[in-house]
Amino acid sequence: MVAHEPRHLGALELLGLSLLREEAFADVVGVANRLLALNPYEAGYHSLKGLAMQGLGRYGESAASLRRDPAALPALWNLEQAQSRLIENLLQEDPKFARAYAA
């Protein structure tokens with residue numbers, strides 16, 4: 001459907017969710033960007049992009065996208081918890097990081 005109707009929101013949404021399920025995060029970002037170009041005010045499209053960015057390890061961009069969707073607050077909280085655990089692990093395992101973090 002997307003090949004024949006590249007601006008079909010329903011088809012793009014289904015494609016994005018399918019790619020997310022397959023963990024094809026870079027492709028999801030592309031689909032989410034297409035969706036956002038068509039409708040930049042749809043909060044769910046920002047969530048889709050935020051989840052893909054999280055999968056790519058781009059946490060700052062993920063948080064920025066997830067903040068655009070009130071329904072994504074649990075996902076944003078999970079992202080913040082993951083970031084906190086990552087920092088805690090680095091502080092314990094990497095003395096150079098710990099010194100730089102303390103500074």
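The questions and answers below walk through a predicted model, helix by helix and residue by residue.

Visitor: What span does helix 1 reach from its first C-alpha to its last?
Guide: Helix 1 has 13 residues, and at 1.5 Å a residue the expected span is 18 Å. The span computed from the model is close to that expectation, and from first C-alpha to last it reaches 18 Å.

Visitor: Which helices do the buried residues of helix 1 pack against?
Guide: In helix 1 the buried residues are Ala11, Leu12, Gly16, Leu19 and Leu20. These buried residues have their packing partners in two other helices, namely helix 2 and helix 3.

Visitor: Which residue that follows helix 1 has a positive phi?
Guide: The residue lies in the loop between helix 1 and helix 2, and its phi is positive, about 60°, although it is not a glycine. With a relative accessible area of 58%, over the 50% cut-off, it counts as exposed. The residue is glutamate 23.

Visitor: How far apart in space are glycine 30 and alanine 52?
Guide: Glycine 30 is found in helix 2, which covers residues 25–38, and it is partly exposed, with a relative accessible area of 33%. Alanine 52 is among the buried residues of helix 3. Along the sequence the two are 22 residues apart, while in space, C-alpha to C-alpha, the separation is 9.7 Å.

Visitor: Which helices do the buried residues of helix 3 pack against?
Guide: Helix 3 has 13 residues and reaches 19 Å from its first C-alpha to its last, close to the 18 Å expected. Its buried residues include Tyr45, Leu48, Lys49 and Met53. These buried residues of helix 3 pack against helix 1, helix 2 and helix 4.

Visitor: Which backbone nitrogen does a side-chain oxygen of glutamate 42 reach at the start of helix 3?
Guide: At the start of helix 3, a side-chain oxygen of glutamate 42 comes to within 3.1 Å of a backbone nitrogen. The other end of helix 3 has its own feature, since just after the helix glycine 57 takes a positive phi of about 80°. The backbone nitrogen reached by glutamate 42 belongs to glycine 44.

Visitor: Which side chain joins that of lysine 49 in a polar contact of 2.9 Å?
Guide: Lysine 49, in helix 3, is buried yet has no salt bridge, and the nearest side chain of opposite charge, glutamate 61, is 6.4 Å away. That distance lies beyond the 4 Å within which a salt bridge is counted, so the pair does not qualify. Leaving aside neighbours within four places in sequence, lysine 49 is in contact with Val29, Ala32, Asn33, Leu36 and Ser65. The polar contact of 2.9 Å is made with the side chain of asparagine 33.

Visitor: Which residue meets glutamate 61 in a salt bridge?
Guide: Side chains of opposite charge can pair when their charged atoms come close. The count for this model comes to 1 salt bridge, with a distance of 2.8 Å from N to O. Glutamate 61 is partly exposed at a relative accessible area of 37%, and its partner is also partly exposed at 38%. That partner is arginine 58.

Visitor: Which backbone nitrogen lies 3.0 Å from a polar atom of the side chain of aspartate 69?
Guide: Aspartate 69 has its place in the loop between helix 4 and helix 5, where it is buried yet has no salt bridge, the nearest side chain of opposite charge, arginine 68, being 9.6 Å away. Leaving aside neighbours within four places in sequence, aspartate 69 is in contact with Ala43, Gly44 and Ser47. The backbone nitrogen 3.0 Å from its side chain is that of alanine 71.

Visitor: At what angle do the ring planes of phenylalanine 97 and tyrosine 101 lie?
Guide: The count comes to 1 aromatic pair, and the ring centres of phenylalanine 97 and tyrosine 101 are 5.9 Å apart. The two residues are 4 residues apart in helix 6, and are therefore separated by about one helical turn. Planes under 30 degrees apart count as stacked, so this pair is stacked, with its planes at 25°.

Visitor: What distance separates the C-alpha atoms of tyrosine 41 and aspartate 94?
Guide: Tyrosine 41 lies in the loop between helix 2 and helix 3 and is exposed, with a relative accessible area of 74%. Along the chain, tyrosine 41 and aspartate 94 are 53 residues apart, and their C-alpha atoms are separated by 42 Å.

Notes
Residues numbered from 1 in each chain as written. Predicted model: local features only at pLDDT ≥ 70, side-chain atom pairs only at ≥ 80, totals over all residues. Heavy atoms only, no water. Buried < 20%, exposed > 50% of the residue type's maximum accessible area, 1.4 Å probe, protein only. Lys, Arg positive; Asp, Glu negative; His and termini not counted. Polar contact = N/O pair within 3.5 Å; in protein donor to acceptor, adjacent residues only side chain to side chain. Contact = heavy atoms within 4.5 Å. Phe/Tyr/Trp six-rings, centres within 6.5 Å; stacked < 30°, edge-to-face > 60°. Expected span 1.5 Å × (residues − 1).
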